[in-house]
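This report looks at charged pairs and nonpolar cores in one protein chain. Please have the sequence and the 3D view open while reading.

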Amino acid sequence: MPDPSTVHGPEGRIRLMVLHGPNLDLLGQREPDTYGSATLPELNAALEGHASELGVELDVRQSNHEGQLVDWLHEAQEGADGVVLNAAAYTHTSIALRDAIAAIGVPVVEVHLSNVHAREEFRRHSMLAAVCLGSISGFGPGSYVLGLRALMDYLAQRR
Ligand code: DQA
């Protein structure tokens with residue numbers, strides 16, 4: 001039986017939050033050479049498919065606003081066992097998101113569709129990486145899937 005202290009979903013299922021940051025609502029039309037042709041609803045549908053295979057419940061949200069993402073990270077304290085976060089451009093700028101991740105005590109995996117290390121210099125630095133469980137970058141939508149799997153493995157080992 002899973003440890004109830006790490007399980008928030010109904011029927012004892014692990015519950016993970018997936019947070020998409022700014023401009024990811026424009027996926028599909030936004031720089032498709034870099035971010036691919038899948039739209040955000042298509043990406044989310046694929047993630048839901050993987051989640052049901054893994055037997056995990058997902059809570060998927062997108063915002064263009066830094067404070068909203070901070071509020072959702074706070075909410076994760078009560079409502080999620082882990083968070084897969086693509087903070088998009090805020091990755092490179094946001095001390096507020098970094099402090100929120102450090103504050104909540106919920107494991108967060110940083111993900112990026114593109115390989116941020118193979119792009120402009122300013123994308124090579126993450127304000128968030130040091131307070132995340134780990135970072136996954138460059139696998140397109142697969143980065144999120146790997147993030148979900150990494151969190152599941154981490155939570156399973158912690159039990
Ligand atoms: C991104 C990479 C960021 O540098 C960029 O600002 C984004 C998307 C990615 O998923 O590859 O908006 O996080």
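The side chains of Arg61 and Glu75 form a salt bridge, with N and O 2.9 Å apart. A salt bridge here is a side-chain nitrogen of Lys or Arg within 4 Å of a carboxyl oxygen of Asp or Glu. The model is predicted: local features need pLDDT of at least 70, side-chain atom pairs count only at pLDDT 80 or more, and totals for chains, interfaces and linings use all residues. Residues are numbered from 1 along each chain as its sequence is written, and side-chain values use heavy atoms, leaving out hydrogens and water.

**Salt bridges**

The bridge between Arg61 and Glu75 links distant parts of the chain: Arg61 lies in strand 2 (residues 57-62) and Glu75 in helix 3 (residues 66-79), 14 residues apart. Helices (H or I, at least four residues) and strands (E, at least two) are DSSP runs, numbered from the N terminus. Arg61 is buried, at 17% relative accessible area, while Glu75 is partly exposed, at 40%. Buried means under 20% relative accessible area, exposed over 50%, and partly exposed in between (1.4 Å probe, protein chains only). Both residues belong to a salt-bridge network that links Arg15, Glu57, Asp59, Arg61 and Glu75.

Side chains of opposite charge can pair when their charged atoms come close. The whole structure has seven salt bridges; three of them are listed here.

| Pair | Closest N to O distance |
|---|---|
| Arg61 and Glu75 | 2.9 Å |
| Arg119 and Glu120 | 3.8 Å |
| Arg123 and Glu120 | 2.6 Å |

Glu120 is partly exposed, with a relative accessible area of 35%. Its partner Arg119 counts as buried at 17% relative accessibility, and Arg123 counts as buried at 16%.

**Nonpolar cores**

In soluble globular proteins, nonpolar side chains tend to be buried together. A nonpolar core is a set of buried Ala, Val, Leu, Ile, Met, Phe, Trp, Tyr and Cys residues joined through side-chain atoms within 4.5 Å. The largest one has 24 residues, and Leu16, Leu47 and Tyr144 have the most contacts inside it. Two or more residues come from each of strand 1 (15-20), helix 2 (40-54), strand 4 (108-112) and helix 5 (142-158). Helix 5 contributes the most, with six residues.

Leaving aside neighbours within four places in sequence, Leu47 is in contact (heavy atoms within 4.5 Å) with Val18, Leu58, Tyr144, Val145 and Leu148. Apart from this core lies another, of 21 residues, among them Leu19, Trp72, Val83 and Ala87.
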